[in-house]
Amino acid sequence: MDYDMLVIGSGPSGRRAAVQSAKLGKSVLVVDRGRRLGGVSVHTGTIPSKTLRETVLNLSGWRERGFYGRGYRVKQDISIGDLIERLHKTLDHEVEVLQHQFMRNTVKSARAAVKFLGPNRVSLTADNGDYSEVGFANALIAVGTRPHRPGDVPFDKKRIFDSDEMLELHHLPRTLTVIGAGVIGVEYATIFSALDVPVTLVEPRNTILDFIDREIVDDFIHQMRDRGMTIRLGSTVKEIASKPDHAEVTLTDGRTIRSEMVLYAAGRTGNVASLGLEMVGIEADGRGRIKVDPQTFQTSTPNIYAAGDVIGFPSLASTSMEQGRVAACHAFGVTLPPAPETFPYGIYAVPEISTVGQSEEQVRESGIAYEVGVARFRETSRGHIMGVNSGFLKLLFSVETRRLLGAHIVGEGATELIHIGQAVINLGGTVDFFVNNTFNYPTLAEAYKIAGLDAWNRMGQG
């Protein structure tokens with residue numbers, strides 16, 4: 001059987017490409033080697049970690065501690081069972097929605113390992129060994145990534161885990177060391193810290209989250225330290241050892257960190273090894289990433305596209321979905337308007353971080369004369385009502401055009417609030433929008449008005 005579009009992987013980019021192709025009247029086959037549809041996003045990445053975060057914040061009473069003190073808890077003894085129960089409910093629902101979406105749009109799906117035989121043909125091998133071949137006019141590689149597992153790290157699922165395995169814990173750790181302060185590392189480190197687990201975060205570089213505005217990151221690090229997390233920046237790991245009653249991490253400076261468990265979260269690798277890319281002349285880099293045309297998402301073989309985490313930064317479910325849609329439209333000759341330059345980036349740590357547009361460092365480098373407006377959440381009435389002690393919004397404006405260049409938030413609700421900044425940037429709005437418009441009161445969104453006025457007071461009327 002031949003298909004107009006073969007999609008390899010059913011994560012955000014694969015699913016969106018499949019549905020888009022089907023809506024254009026094309027025949028589509030989605031092949032995934034996982035037990036269920038949904039890819040990394042549904043089963044080990046985006047959805048599970050965010051569900052875990054929400055469950056932890058609800059059961060621990062974290063959001064209420066501004067009022068009731070740090071000792072406040074909704075549930076005294078939180079078990080791993082409490083966390084996993086909600087996780088499975090959420091995942092089951094996600095898979096159901098996806099299956100229904102495919103059914104409604106007549107997208108066929110198969111569970112098998114895929115290997116390219118040529119630029120228009122693949123082999124499919126099922127778990128039971130059943131072998132078949134299918135032809136395709138266009139293909140999308142959307143295989144995602146898996147945790148990077150160096151040979152010298154003794155992963156054992158008892159003391160030393162990768163980020164996928166953190167969802168299979170048998171009990172909550174009494175103490176935890178997290179190696180790698182990337183997005184996944186800081187999310188898990190702060191989630192467990194919110195459960196009052198003593199956490200040590202180890203990062204070989206001297207800075208973390210380099211793509212985020214520095215002032216936001218500095219505040220985030222301060223908040224982590226303020227609640228008792230230990231952060232070791234500029235610390236390279238020499239050795240990780242699993243002992244009978246604890247794990248031991250030795251740093252190159254001679255220090256030793258002992259904890260009940262270690263999460264190793266230093267990077268991810270593309271799932272490309274078994275695809276037979278050499279048969280179609282596509283090369284992946286050392287971390288299994290595939291290079292594509294950033295406008296069309298075509299690989300070096302024009303009828304084969306790649307999207308999602310397997311093509312690298314930003315590796316977000318939201319941007320991956322859009323990449324899949326754009327690839328499908330291009331494959332079938334549908335012209336799309338150019339995508340907006342700015343998209344929001346969300347980090348679901350505790351507290352949340354979200355950012356859109358240029359950071360202060362980028363604005364400074366560009367040489368544009370700019371002004372900054374800041375609003376602290378505790379300055380808003382809603383912040384008082386919620387007991388929010390920390391968190392702030394930072395806006396950057398061009399002095400000449402008065403336009404909003406960037407919006408950056410650390411604190412409660414950051415990933416929701418950022419969309420106001422995104423809309424204003426992409427619609428070419430100015431500081432005057434925030435000054436002249438009325439915001440619901442009391443809300444955290446009112447921080448936009450406060451930050452706008454803060455900048456306007458220094459910029460004056462246009």
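Reader: Is Phe-313 buried or exposed?
Author: This is a predicted model. Exposed means over 50% relative accessible area. Phe-313 has 58% relative accessibility, so Phe-313 counts as exposed.

Reader: Which residue forms an aromatic pair with Phe-313, and how are the planes set?
Author: Planes over 60 degrees apart count as edge-to-face. The search of the whole structure finds eight aromatic pairs. In one of them, Phe-211 and Phe-313 meet edge-to-face, with 70° between the planes and 5.6 Å centre to centre.

Reader: Where in the chain do Phe-211 and Phe-313 lie?
Author: They are 102 residues apart, so to speak in distant parts of the chain. Phe-211 is in the loop between β10 (199–203) and α7 (214–226). Phe-313 is in the loop between β17 (304–306) and α8 (317–331). Phe-211 counts as partly exposed, at 36% relative accessibility.

Reader: What kind of pair do Phe-434 and Tyr-448 form?
Author: Planes under 30 degrees apart count as stacked. Here the angle is 10°, and the centres lie 5.6 Å apart, so Phe-434 and Tyr-448 are stacked. Phe-434 is in helix α12 (residues 431–436), and Tyr-448 is in helix α13 (residues 447–459).

Reader: Why do Phe-434 and Tyr-448 count as buried?
Author: Buried means under 20% relative accessible area. Phe-434 is buried because its relative accessibility is 0%. Tyr-448 is buried too, at 1%.

Reader: Which residues form one aromatic cluster?
Author: Phe-397, Phe-433, Phe-434 and Tyr-448 do.

Reader: Which ring does the charged end of Arg-376 sit over?
Author: The ring of Phe-392, 4.8 Å from its centre. Arg-149 lies over the face of Phe-155, at 4.2 Å from the ring centre.

Definitions and conventions. Residues are numbered from 1 along each chain as its sequence is written. This is a predicted model: local features need pLDDT of at least 70, side-chain atom pairs count only at pLDDT 80 or more; totals for chains, interfaces and linings use all residues. Side-chain values use heavy atoms; hydrogens and water are left out. Rings of Phe, Tyr and Trp (its six-membered ring) pair if their centres lie within 6.5 Å; planes under 30 degrees apart count as stacked, over 60 as edge-to-face and the rest as tilted. Helices (H or I, at least four residues) and strands (E, at least two) are DSSP runs, numbered from the N terminus. Buried means under 20% relative accessible area, exposed over 50%, partly exposed in between (1.4 Å probe, protein chains only). A charge sits over a ring if NZ of Lys or CZ of Arg is within 6 Å of the ring centre and within 35 degrees of the ring normal.
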